[in-house]
Amino acid sequence: MKFMEGTNIVTGENHPIHLHGYDFYILVEGFGNFEPKTDNAKLNTVDPPLLNTVALAVNGWAMIKFRADNPGVWLMHCHLDVHITWGLAMALLVEDGVGELQPLQPPPADLPAC
């Protein structure tokens, strides 16, 4: 599970957080600070929405869940480009899986060198 919190230091803004290479389940969302004792009781593990972007509201938070089974380097970032320079981006390195179709394929033989 990945937990995201949209707290603000100077001014609050919305953050549409997008994950490449995956869809994820939004288990729970809220405002203010995440309170484990009360907010964990609100987890939707029966029929959570399946999306690839979560709208993290001003002073809001969200908990998402996905299975990291697609090998590669995948970007999770705010869709407001200037927010990437603020640090609202990260790369997820997903290593090869154990199944026949889960290894990262080598580059093609005719791929031009840099």
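A residue counts as buried under 20% relative accessible area, as exposed over 50%, and as partly exposed in between. V58 has 32% relative accessibility, so V58 counts as partly exposed. The structure discussed here is a predicted model.

## Overall build

Start with the whole chain. The protein has two helices and eight strands. Read along the sequence, these elements follow the pattern β-β-β-α-β-β-β-β-α-β.

Next comes size. The C-alpha atoms fill a box of roughly 50 × 35 × 20 Å, taken along the principal axes. The protein has a radius of gyration of 17 Å, whereas a compact globule of 114 residues would have one near 13 Å. Of the 114 residues, 26% count as buried.

## The open sheet

Which strands form the open sheet, and in what order? Four strands take part, in the order β5-β2-β7-β8. Their pairing is antiparallel. The strands β5 and β8 stand at the edges. Each has a single partner strand, so one side of each is left without a neighbour in the sheet. On average, neighbouring strands of this sheet are turned by 15° against each other, direction ignored.

Look at one pairing in detail. Strands β2 and β7 run antiparallel, and three bridges join them. I17 stands opposite C78 in β7.

## Two nonpolar cores

There is a general tendency to keep in mind. In soluble globular proteins, nonpolar side chains tend to be buried together.

Here, the largest nonpolar core has 13 residues. Those that touch the most other members are I17, L19, F24, I26, V54, I64 and M76. Several elements give two or more residues to this core: β2 (15-19), β3 (24-31), β5 (53-56), β6 (60-65), β7 (72-78) and β8 (89-94). Apart from it lies another core, of five residues. L27, V28, W61 and M63 are among them.

I17 thus appears twice in this picture. It belongs to the largest core, and it stands opposite C78 in β7.

## Aromatic pairs

How many aromatic pairs does a search of the whole structure find? The search finds three. Two of them share Y22 and are set out in the table.

| Pair | Type | Centre to centre | Angle between the planes |
|---|---|---|---|
| Y22 and F66 | tilted | 5.1 Å | 45° |
| Y22 and W74 | edge-to-face | 6.2 Å | 75° |

Where do the partners sit? Y22 lies in the loop between β2 and β3, and F66 in the loop between β6 and β7, so their pair ties together parts that are 44 residues apart in sequence. W74 lies in strand β7, so the pair of Y22 and W74 ties together parts that are 52 residues apart in sequence. Ring pairs link Y22, F66 and W74 into a cluster.

Is Y22 buried or exposed? With a relative accessible area of 7%, Y22 is buried. F66 is partly exposed, with a relative accessible area of 23%.

## A salt bridge

The count of salt bridges comes to one. Its partners are K42 and D39, whose side chains meet at 3.2 Å, N to O. What is the accessibility of each partner? K42 is exposed, with a relative accessible area of 54%. D39 counts as buried, at 5% relative accessibility. The bridge therefore joins an exposed residue to a buried one.

## The loop between β5 and β6

Now return to V58. V58 lies in the loop between β5 and β6. The place of N59 is in the loop between β5 and β6 too. What sets the backbone of N59 apart? N59 has a positive phi of about 55° although it is not a glycine. At 31% relative accessibility, N59 counts as partly exposed. V58, at 32%, counts as partly exposed as well.

Finally, link this loop to the salt bridge. V58 and K42 are 16 residues apart along the chain. Their C-alpha atoms are separated by 20 Å.

Terms used
Residues numbered from 1 in each chain as written. Predicted model: local features only at pLDDT ≥ 70, side-chain atom pairs only at ≥ 80, totals over all residues. Heavy atoms only, no water. Core = buried A, V, L, I, M, F, W, Y, C linked by side-chain atoms within 4.5 Å. Buried < 20%, exposed > 50% of the residue type's maximum accessible area, 1.4 Å probe, protein only. Phe/Tyr/Trp six-rings, centres within 6.5 Å; stacked < 30°, edge-to-face > 60°. Pairing = 2+ DSSP bridges. Axes fitted to C-alpha atoms, helices over the stretch in contact; angles between N-to-C directions. Salt bridge = Lys/Arg side-chain N within 4 Å of Asp/Glu carboxyl O. Rg over C-alpha atoms; globule rule 2.2 N^0.38 Å.
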